[in-house]
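Please open the model in your viewer and keep the selection tool at hand. The tour moves from one selection to the next and says what is there.

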Amino acid sequence: MTWLLFVLGLVAAPHPAGPPPAAQSTAGRELDFETYRRTIEPIFLKERAPGEGAGRCVNCHARIATRMRLQPLSEGASTWTEAQSRQNFEVVKRVVVAGDPASSPLAVHPLAPAVGGDQQHTGGKFWRAQDNPEYQAVVAWIKAAAPSAAPATAKATLDFEFFRQRVQPIFLAKRPGHARCISCHDNGQPRLVALEGGETMWNEQQSRQNFAAWQRVVVPGDPEASRLLMHPLAKEVGGDHFHAGGKHWKSKSDPEWQTLAAWVRGERLSGSSR
Ligand code: HEC
Ligand code: HEC
């Protein structure tokens, strides 16, 4: 309820509007901060009409863990300070591939699939056509930067055995003051297979189903961008704003949190045959 009021409060807050000016393509090698600040950040702050995506970008992206975790606006502020914009710039770079809009989540995630966007964005589809000025601003900014010569960093892969033996027990464990994860998530997203007839652990096939479903709330290699870790973590220590299932971990040093982080970073159960 308080969360809802908070959201409504933000929805009513003033915001800077105005179309982003076209970016000058000077073929600068790096993603340009000034252009970012002038043409991209207003997109995150813009109020949305009903049916235009699922609302203002910042309303979700300052409070839900993704790679694009924006700074919350200061009390009463309608835009970010330069220091906050610099922090935003660093996280937004993580959802951009310099020189390559088609590979950049920032360009394809809010874009409708029919016109080149990807399938699904929890926040909805904002751009119905490629001539949308916001989409154009994003593309211009990304294209003005040269592709990075640095080799792509090896992506962590998620280990099934680690998930099965170390992560799954966390979904079944009882924590004081909280219902177990399974007691809600056998019936909601991300879904855990319901355990029937006195069963105390999932079999191999059920574990594979769980593994597939829960990968969607994980960014391999990056625990802090993973909702699996941030959604049930206390807000005071960096967790997401709200989880209907409660805040199960008070700190990142909680052993369960550490186990989940190890899985997300790609730790494996080596030599395990089961
Ligand atoms: C209702 C909440 C909500 C709104 C509004 C929203 N998003 Fe999102 N967005 C999410 C969630 C949740 C995810 C992670 C799951 C997914 O990819 O769908 C996400 C993912 C993303 C990602 C990929 C992040 C990553 O870690 O790879 C980008 C980029 C993005 N959103 C951009 C935007 C932009 C730009 C806007 C506004 C035009 C916007 N979003 C509005 C909830 C929202
Ligand atoms: C009392 C019921 C309940 C319990 C217990 C519960 N959850 Fe949730 N969870 C929900 C509901 C409802 C949502 C969707 C609304 C929201 O995001 O808060 C949700 C959302 C989530 C999400 C975000 C899903 C998405 O697509 O963004 C994650 C991750 C999550 N829960 C993990 C957990 C974990 C891990 C546990 C156990 C440590 C747990 N939950 C315990 C009810 C519960």
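What follows is a walk through two metal sites and some cysteines.

Bear in mind that this is a predicted model, in which local features need pLDDT of at least 70 and side-chain atom pairs count only at pLDDT 80 or more, while totals for chains, interfaces and linings use all residues. Residues are numbered from 1 along each chain as its sequence is written, chains are lettered from A and ligands numbered from 1 in the order in which they are written, and side-chain values use heavy atoms, with hydrogens and water left out.

Select ligand 1 and find its iron atom, whose protein donors are His61 (NE2) and His121 (NE2), lying 2.0 Å from it. Donors here are N, O and S atoms within 2.8 Å of the metal (3.2 Å for Na, K and Ca), and since water is not among the atoms, sites may look incomplete. The site has six donor atoms with angles of 87 to 178° among them, and is octahedral; for six donors that term requires opposite donors to be over 155 degrees apart and all others between 65 and 115. His61 lies in helix 3 (residues 57–61) and His121 in the loop between helix 5 (105–108) and helix 6 (133–143), so the pair ties together parts 60 residues apart in sequence. Helices are DSSP runs (H or I, at least four residues), numbered from the N terminus.

Next, show the residues within 4 Å of ligand 1, counting heavy atoms: 21 residues surround it, and the closest are Cys57, Cys60, His61, His121 and Thr122. Helix 3 gives the most to this shell, with three residues. Look also at the side chains of His109 and Thr122, each of which has an N or O atom 2.7 Å from an oxygen atom of ligand 1.

Which residues coordinate the iron atom of ligand 2? Select His185 and His243, which do so through NE2 at 2.0 Å. The six donor atoms there subtend angles of 86 to 179°, which makes this arrangement octahedral. His185 is in helix 8 (residues 181–185), and His243 is in the loop between helix 10 (227–230) and helix 11 (255–264), 58 residues apart.

Finally, colour by accessibility, where buried means under 20% relative accessible area, exposed over 50%, and partly exposed in between (1.4 Å probe, protein chains only). His185 is buried at 17%, as is His243 at 16%. Cys57 counts as buried at 15%, whereas Cys184 is partly exposed at 44%. Counting pairs of cysteine sulfur atoms within 2.5 Å as disulfides gives zero.

Definitions and conventions
Four donors count as tetrahedral if all angles lie between 85 and 135 degrees; four count as square planar and six as octahedral if opposite donors are over 155 degrees apart and all others between 65 and 115; anything else is irregular. Helices (H or I, at least four residues) and strands (E, at least two) are DSSP runs, numbered from the N terminus. A polar contact is a pair of N or O atoms within 3.5 Å; within protein, one must be able to donate a hydrogen and the other to accept it, and residues adjacent in sequence count only if both atoms are side-chain atoms.
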